[in-house]
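Grab a pencil and open the structure viewer. Here are a few exercises, each with a worked solution you can follow step by step.

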Amino acid sequence: MSDQENIKRYERKFIVNKFFINSLGDLISFLKINLKEQYKERRVNSIYYDTHDYKLGKKTIDGLSDRTKIRIRYYGKLKDIIYPRLEIKNKTGLVGEKLIYEIDNKSLYEKKFSLANLKINNLNIDYFELIKNIEPKVIISYTRNYFISSCNKYRFTLDKEIIFRSFEKNNIENNFSNNSYYRFNKSIIEFKYNISNENTASRLTQNLPFRLTSSSKYLTALKHLGLVIVWKIF
């Protein structure tokens, strides 16, 4: 679909002590399956958008089955926004669908990170009104390791060195300074696989000594930054 990607899959998340699992070997020791590195470690940066009163975030807090997250994502140094992409994630229960659109980084700065007047090719018509009513709320950055099973059916990501801060609309450059970020003291494992592999996947995660969580990094940031009261996240 040219610059648009549509992916449906299960996503399970586990919050872990950052000193407990830090490598491929640590993960293999619990899962008891053959894993290999899928991609090189890299820095992931996301700017999350929401309505002025955080309606998108509150849908997840309230436990609603259908929910949406919208973010700008780019990789590498936090201050260098190169090849940014707009990602729209829809989830029903644990099943996620992600739509991806390429955007121009120069235009992003010119519009002061507003999506309302940004040219987005092939944007699904269902999102036109939503895009007009959201604004940047939080920036989240972390180091990600990518692993995949030898059968290529199961993907694991290990997110560590997680930092986040509120987005300042009146001081754009200040948003990308590392000095002003909250540092989260845990890591997050995400387990991703196609719907058809659900039965086997559930057995694999039984060996992980961590609690499955529905909490996203976005909600974690909202809680720790004091932007929204979130009862279900520690």
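**Exercise 1.** Find out which element of the protein chain has the lowest mean pLDDT and which has the highest.

*Solution.* Start at the bottom of the range: strand E10 (residues 212–213) has the lowest mean pLDDT, 72. At the other end sits E6, with the highest, 95. Keep in mind that this is a predicted model. Now step back to the whole chain: its mean pLDDT is 85, and 92% of the residues reach 70 or more. Last, look at residues 1–5, where pLDDT stays under 50. For that stretch the model has 14 contacts beyond four places in sequence.

**Exercise 2.** Describe the largest pocket: its volume, its lining and the kinds of residue found there.

*Solution.* First, the volume comes to about 320 Å³. Next, the lining: 23 residues, with Arg 9, Arg 73, Lys 98, Arg 144 and Lys 192 nearest the centre of the pocket. Where do they come from? Strands giving two or more residues to the lining include E1 (6–17), E2 (35–50), E3 (66–75) and E6 (135–149). E3 gives the largest share, 4 residues. Finally, sort the lining by type: you get 15 charged, 7 nonpolar and 1 polar.

**Exercise 3.** Do the same for the second largest pocket, and work out which element gives the largest share of its lining.

*Solution.* This pocket's volume is about 150 Å³. Pick out its lining in the viewer; among the residues are Lys 18, Phe 19, Ile 162, Arg 183 and Ser 187. Two strands, E7 (154–166) and E9, each give two or more residues. The largest share, 4 residues, belongs to E7. By type, the lining splits into 5 charged, 4 nonpolar and 3 polar.

**Exercise 4.** Explore the largest nonpolar core and name the residues with the most contacts inside it.

*Solution.* The core has 28 residues, and the ones to name are Tyr 49, Ile 70, Leu 86, Phe 113, Leu 115 and Phe 176. Then ask about the strands: E2, E3, E4 and E5 each supply at least two residues, and E3 has the largest share with 3. Now zoom in on Tyr 49. Skip its neighbours within four places in sequence, and its contacts include Ile 70, Phe 113, Leu 115, Pro 136 and Tyr 218. To finish, find the other core, which lies apart from this one: it has 19 residues, among them Leu 31, Ile 189, Phe 191 and Tyr 193.

Conventions. Residues are numbered from 1 along each chain as its sequence is written. This is a predicted model: local features need pLDDT of at least 70, side-chain atom pairs count only at pLDDT 80 or more; totals for chains, interfaces and linings use all residues. Side-chain values use heavy atoms; hydrogens and water are left out. On a 1 Å grid over the protein atoms alone, a cavity is a set of points where a 1.4 Å probe fits but cannot get out, and a pocket is an open set with protein on both sides within 12 Å along at least five of seven lines; lining residues have an atom within 4 Å of a point. Grid points are joined across faces, edges and corners, and a volume is the space filled by probe spheres set on the points. Ala, Val, Leu, Ile, Met, Phe, Trp, Tyr, Cys and Pro count as nonpolar, Asp, Glu, Lys and Arg as charged, and the others, Gly among them, as polar. A nonpolar core is a set of buried Ala, Val, Leu, Ile, Met, Phe, Trp, Tyr and Cys residues joined through side-chain atoms within 4.5 Å. Buried means under 20% relative accessible area, exposed over 50%, partly exposed in between (1.4 Å probe, protein chains only). Contact means heavy atoms within 4.5 Å. pLDDT is the predictor's confidence in each residue, from 0 to 100.
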